[in-house]
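Dear colleague,

I am handing over the structure below, together with some notes on its salt bridges. Please look at it first and then read on.

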Amino acid sequence: MIMKKLIVQHKRLLTLLLFLAASLISIYLTELNGHIWSFLTMSNDGRFHIMRIEGLAQAMRQGNLTPIVNMSFLGGLGYISNVFYSNLWLYPAAVLRLMGLTITQAFVSFYVLLNFVTFLTSFGAFYKASQRYDKSLLFSFVYTLSTYRIFDMVRRFDVGELSTFVFLPIVVLGVYEIFYNNHHQWIYLTIGMVGVIYSHALSPVLIGIFIVLVMIFRIKTLVKEPQRILALFYAGVSSLMLSLAYFMPMLEQMRHTQFKLTNAPLINVSQTEMSWPDLLNWSVHNDLYKQNIGLIMLVTAITIPLIIWKIKNVAIRDFAIIGELLLVMTTNIFPWKFFDKTPLNMIQFPWRFYMIVSILFAIVIAADPLGIFSGNWKKVLMILFALGLVMNSERILVQQYPREDDAYTQFNHLDVDSIGSGQEYLPKNASLTALIKAPHAPQVLSGQAKISNFSQVGSKVTFHFQAAQNAKVSVPIICYYGYSAKDSTGQVSKLRMDKNNNGLGQIIVNGKGVVRIDYEKTPVQRISKVISLASLFLGLMYFARKKFKK
């Protein structure tokens, strides 16, 4: 009796401690034991995101708190990943790095933080919709420990999608409020979408498709209650205004430079669709080496068609059906070959929809429309099963691929050339191999000049020249839009990108002088940031005033 009273009195604290313990335990086998299961020699995003964190930390150390170009890549040539992958949610990891932690310690600590915050947002979002503490707890575990999310964490090292998982429950809460409940609560969709947009460039596309499907399912209601469409409009406009600081610089760069991202994709979406046998096999075995939805979600997918007619809650029923439709879309049943030459090709892998499928199926499980988990002990068993399943799958992963279990010291070795397998943010005609081999010093391509005193700190490049006669000089930076040599002295031409030399900078000098090159934030970058910050301020003022009036 006393124990029960203490649990009730300290329920919130105990829940937080439970989330923290699960955040640690769920990745212990692969992250926390002095080793990191890393796929150092294989193609994944781990090294790329490690370099993103390291580049941000180095820029902050040099006094640049909002770098546009990540200068840690390619030995100082730079890579403009910051424009396409926002750094916003990487600052905790970068700060840990500045505090003296090794890059591996900072990365693993960031992973624990991502786990913990995902538990919090998933619990909070479900509780807001259901007002049920027990169901919210169940949802937070089934969702946070879903196989595809853990696969993203320990196999793909996809920090972008993992950050999206943090905000996805808030997105779905916003969708629920707008289309099924109180449409005046559209702000949840705004908060969630802005968080997603600053997490991962491709996830908003997947969410957009999900919202379109919800609109189709709710078309009759939308006709009768057009104010719900207006609420969606409010959420969309506010999300756009708050995200201009992300979208505008990206569009500006794409306007001035042709990137491999859109002009030379390495794969087409039809090449990566799933076969049903693979999906079933990998999911049954809860295989963390291959992309799948996992055993729990597979059982849910099989069960839904058998019980769908018994689900009375319209939102739960719609989410269940949409989850099934999106699951089918990940397979070769869906005609992806017709989308290879469309903007939808940018998602690269149809199985990215597993992210949406996982949360929709987790909602169905936690909502428990048939009362399968009516007793608290059944929910506890389900939570323990989800945690045990993850730990066992990680154990099998480590046992089957022992060579990938590397010491932290080995993982601390930075690979500056890991820009991601797609090389998306290189100029279209650039060769990664050639850039890696390129000498990191100014090179006279034609004419005559004597180069001396070359130095580089971050994006700042300086060197002296003399006796120059119409000398065309290659500068060791990838010359993204925003670089300028305007502070140079002597006869120095305008800096330009040499498309015939892998996108490196090029200038023409004559006589004697000093070349000073640096990246200068463009008016579009500055203005869009001001607009987004002003929108944030005005939004906070509006809702604070509204709440005060109540």
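To start at the surface of this predicted model, Lys486 has a relative accessibility of 55% and therefore counts as exposed, the cut-off being over 50%. Its salt-bridge partner is Glu520, with 2.9 Å between the closest N and O atoms, and Glu520 counts as partly exposed because its relative accessibility is 35%. Lys486 sits in the loop between strand S5 (483-484) and strand S6 (489-492), while Glu520 sits in the loop between strand S8 (504-519) and helix H23 (523-549), so this pair ties together parts that are 34 residues apart in sequence.

A network comes next: Asp152, Arg156, Asp158, Glu161 and Arg352 are joined into one by salt bridges that share partners. Within that group, the side chains of Arg156 and Asp158 meet in a salt bridge at 3.2 Å, N to O, and both Arg156 and Asp158 are buried.

Another pair you may wish to display is Arg97 with Glu54, a salt bridge in which the closest N and O atoms are 2.7 Å apart. This pair links distant parts of the chain, since Arg97 belongs to helix H6 (residues 91-98) and Glu54 to helix H4 (residues 46-61), the two being 43 residues apart. Glu54 has a relative accessibility of 5% and so counts as buried, which requires a value under 20%.

As for the overall tally, the count comes to eleven salt bridges, among them the pairs Lys486 with Glu520, Arg156 with Asp158 and Arg97 with Glu54.

With best wishes

Methods. Residues numbered from 1 in each chain as written. Predicted model: local features only at pLDDT ≥ 70, side-chain atom pairs only at ≥ 80, totals over all residues. Heavy atoms only, no water. Salt bridge = Lys/Arg side-chain N within 4 Å of Asp/Glu carboxyl O. Helix = DSSP H or I, 4+ residues; strand = E, 2+ residues; numbered from the N terminus. Buried < 20%, exposed > 50% of the residue type's maximum accessible area, 1.4 Å probe, protein only.
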